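This report describes selected features of one protein structure for a reader at the start of their studies. Please keep the sequence and the model at hand while reading.

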Amino acid sequence: MTSYLIGIDGGGTSCRAAVADPEGRILGRAKSGPANILTDPETALKNIADAARGAFKDGGLNPAGIAAAYAIVGVAGHNVGDAVHIVGRRLPFAAADIESDGLIALEGAVGDIDGAVAILGTGAIYIARRGDAVRTIGGWGFTIGDHGSGARIGHALLQETLLAYDGIHAASAVTDSVLSEFNDDPRRLVDFARLAKPGEFGRYAPRVFEFAVGGDPVSTRLLKSSAAMVDEALDALVSKEARKICLLGGLAPLYRPWLADRHQRLFVEAKADALTGAVALATRRFSHRPRGMT
């Protein structure tokens, strides 16, 4: 039986998987729900397995084959707490390495050469490689980190909505839209926020960008503050001699016009996505496994 390779790109709003043959040729892809191993490891495990099985089905393979596969699992929270050990022991693969979502994104964007990425999605992380040295900035999770991330922007919007409702800050079209979503009842908004995961906050971030384009004052203020935090992190990348930076993640194209002029000349297009990077890492890392080993 062939031992297949699996690449996993697990994010706060979705989890993507790809299955490849031993030479790294991708055979199938699939997508499932969020895979945040810090805030909800049980859901992350389920969605990682669902995405992997879906990729096997998409490639015309038996989904049970994931048990004999070797995987690279790229997720946020790789550098925090015991989540990696807890989740790692329960992954449904023959062998798996859990890596930073930043590392697989870097691998996909620049290959195995020097470069840097800024990943701006539900979370936020920055990673640079120079020679054999890989350095990471941020990626500490929503609770006390991820400044400039979609989850942070969405959280800030909900805060502003309550401040507007109480008359502490001026309301605007964007805060009105949020309150209307909760039937103009702030108690419903509070109930939602009390149990919300980062991905649920992150779903409000695109709305802030959308309203800011139309000149909404609350959205504009929130984005200027968030963009300043991203610019500070980009300055830190430059201080580590990053000369080319790929902006990645769902918010990257929305963020770019809000970022400082000093960074615009550094931005380059990625060669491939993070999922492709996860497969490439799996191919290199597990290439020593005997063919046909299960």
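## A pair of buried aromatic rings

The model discussed here is predicted. Phe 182 and Phe 192 are both buried. A search of the whole structure finds 7 aromatic pairs. Phe 182 and Phe 192 form an aromatic pair of the tilted kind, with 5.6 Å from centre to centre and 50 degrees between the planes. This pair links distant parts of the chain, its members being 10 residues apart. Phe 182 belongs to the loop between α5 (173–181) and α6 (186–195), whereas Phe 192 belongs to helix α6.

## The wider aromatic cluster

Which further residue is buried along with Phe 192? Phe 201 is buried, as Phe 192 is. Phe 192 and Phe 201 form an edge-to-face aromatic pair, with 6.3 Å from centre to centre and 75 degrees between the planes. A pair of aromatic rings is described by these two quantities, the distance of the centres and the angle of the planes.

Ring pairs also build a cluster, in which Phe 142, Phe 182, Phe 192, Phe 201 and Tyr 204 are linked. One member of this cluster, Phe 142, has a further neighbour: Arg 152 lies over the face of its ring, at 5.0 Å from the ring centre.

## Strand β6 and its partners

Strand β6 comprises residues 115–120, and 6 of its 6 residues are buried. Both faces of the strand are covered. On one side the buried residues are Gly 115, Val 117 and Ile 119. On the other side they are Ala 116, Ala 118 and Leu 120.

With which strands does β6 pair? Strand β7 (residues 124–130) pairs with β6 in the antiparallel sense, over 6 bridges. A hairpin through 3 residues joins these two strands, and Leu 120 stands opposite Ala 124 in β7. Strand β9 (residues 245–248) runs parallel to β6 and is joined to it by 4 bridges. Within β9, Ile 245 is the bridge partner of Ala 116.

## The open sheet and its helices

An open sheet of 5 strands has the order β3-β2-β1-β4-β5, and its pairing is mixed. The edge strands, β3 (26–32) and β5 (95–100), each pair on one side only. On average, neighbouring strands of this sheet are turned by 15 degrees against each other, when direction is ignored. The edge strand β5 pairs with strand β4 (residues 70–75) in the parallel sense, over 6 bridges. Ala 71 has Ala 96 in β5 as its bridge partner.

Two helices may be described together with this sheet. Helix α12 (residues 274–285) packs on the sheet and touches β1, β2, β3, β4 and β5. The direction of helix α12 makes about 140 degrees with that of β1. Helix α1 (residues 41–58) lies across β1 (5–10), β2 (15–20), β3 and β4. Helix α1 runs at about 140 degrees to β3.

## Cysteines

How many disulfides does the structure hold? The number is 0. A disulfide is a covalent bond between the sulfur atoms of two cysteines.

Are Cys 15 and Cys 246 buried or exposed? The cut-off for a buried residue is a relative accessible area under 20%. Cys 15 has a relative accessible area of 0% and is therefore buried. Cys 246 is likewise buried, because its relative accessible area is 1%.

Terms used: Residues numbered from 1 in each chain as written. Predicted model: local features only at pLDDT ≥ 70, side-chain atom pairs only at ≥ 80, totals over all residues. Heavy atoms only, no water. Phe/Tyr/Trp six-rings, centres within 6.5 Å; stacked < 30°, edge-to-face > 60°. Buried < 20%, exposed > 50% of the residue type's maximum accessible area, 1.4 Å probe, protein only. Lys NZ or Arg CZ within 6 Å of the ring centre and 35° of its normal. Pairing = 2+ DSSP bridges. Disulfide = S-S within 2.5 Å. Axes fitted to C-alpha atoms, helices over the stretch in contact; angles between N-to-C directions. Contact = heavy atoms within 4.5 Å.
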